[in-house]
Amino acid sequence: MSKLTLAQANKIIEVALAKAREMRVKPLAVAVLDDGGHVKALQREDEASMFRNDVAIGKAWAAVGMGASSRTLLQRAKENPQFFGALAATAHGKFLPQTGAVLIKDPEGNLLGAAGASGGTGDEDEAVCIAGILAAGLVSG
């Protein structure tokens, strides 16, 4: 099984930030986590608020931990709020089921990690992550 490389993580962030500028998204942070939920790469743009890193990491951490995009997790949280509240408590506040993070997979479909962004709308955050993942030759999920 392949592993996410630092070069791939950096490419995801580079392209995600460029896409955000192209889309005129507010300053944001982009986090790339490996399949164990550890930060592989993280950048916060100038003028992005102090919460952006933590929110981007929390979205990606939730996605990789549950094996689903944060958009899917948000829907599940609406349907089962007690369970997702318990997950957030168990994770000591690191678990954020909010749109803006997607899984990173290799071309064979193996989970490599997740990318999350914070600063724009959930849809904008998700779009820039997907652009970065595709540019790195990987698959978003």
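Which strands does H1 lie across, and at what angle does H1 run to E2? Keep that one in mind while we set up. The model is predicted, so local features need pLDDT of at least 70 and side-chain atom pairs count only at pLDDT 80 or more, while totals for chains, interfaces and linings use all residues. Residues are numbered from 1 along each chain as its sequence is written, and side-chain values use heavy atoms, with hydrogens and water left out.

**Exercise 1. Lay out the sheet and place H1 and H5 on it.**

Step 1. Helices (H or I, at least four residues) and strands (E, at least two) are DSSP runs, numbered from the N terminus. Two strands pair if DSSP finds at least two bridges between them.

Step 2. Put the strands in order: the open sheet has five of them, E2-E1-E4-E3-E5, with antiparallel pairing. Strand E2 (39-44) and strand E5 (139-140) are the edges, each pairing on one side only.

Step 3. Add the helices. H1 lies across E1, E2, E3 and E4, and runs at about 25 degrees to E2. H5 also packs on the sheet, where H5 touches E3, E4 and E5 and makes about 140 degrees with the direction of E4. Contact here means heavy atoms within 4.5 Å. Axes are lines fitted to C-alpha atoms, for helices over the stretch in contact, and angles run from 0 to 180 degrees between N-to-C directions.

**Exercise 2. Follow strand E4 and its partners.**

Step 1. Start with E1 (residues 29-34): E1 and E4 pair in the antiparallel sense over six bridges. Val32 stands opposite Ala115 in E4.

Step 2. Turn to E3 (residues 101-105), which is joined to E4 by five antiparallel bridges. Here Lys105 has Leu111 of E4 as its bridge partner.

Step 3. Look at the link between them. E3 and E4 form a hairpin with five residues in between, and Gly109 in the turn has a positive phi of about 95 degrees.

Step 4. Why is E4 (residues 111-118) largely enclosed by the rest of the structure? Seven of its eight residues are buried, so the rest of the structure largely encloses E4. Buried means under 20% relative accessible area, exposed over 50%, and partly exposed in between (1.4 Å probe, protein chains only).

**Exercise 3. Describe how H1 packs against H5.**

Step 1. Helix H1 (residues 6-23) and helix H5 (residues 122-135) pack at an angle of about 135 degrees, with their axes 7 Å apart. That angle makes H1 oblique to H5; angles under 35 degrees count as roughly parallel, over 145 as roughly antiparallel, 65 to 115 as roughly perpendicular and the rest as oblique.

Step 2. List some of the residues that meet: those in H1 include Ile12, Val15 and Ala16, and those in H5 include Ala127, Val128 and Ala131.

**Exercise 4. Are Asp125 and Lys94 buried, partly exposed or exposed?**

Step 1. Asp125 is in helix H5. Its relative accessibility is 1%, so Asp125 counts as buried. Leaving aside neighbours within four places in sequence, the contacts of Asp125 include Leu28, Lys59 and Gly100.

Step 2. Lys94 is in the loop between helix H4 (81-90) and E3. With a relative accessible area of 45%, Lys94 is partly exposed.

Step 3. Not counting residues up to four places away in sequence, Lys94 touches Gly58 and Trp61. Lys94 and Gly58 are 36 residues apart in sequence, and their C-alpha atoms are 5.0 Å apart.
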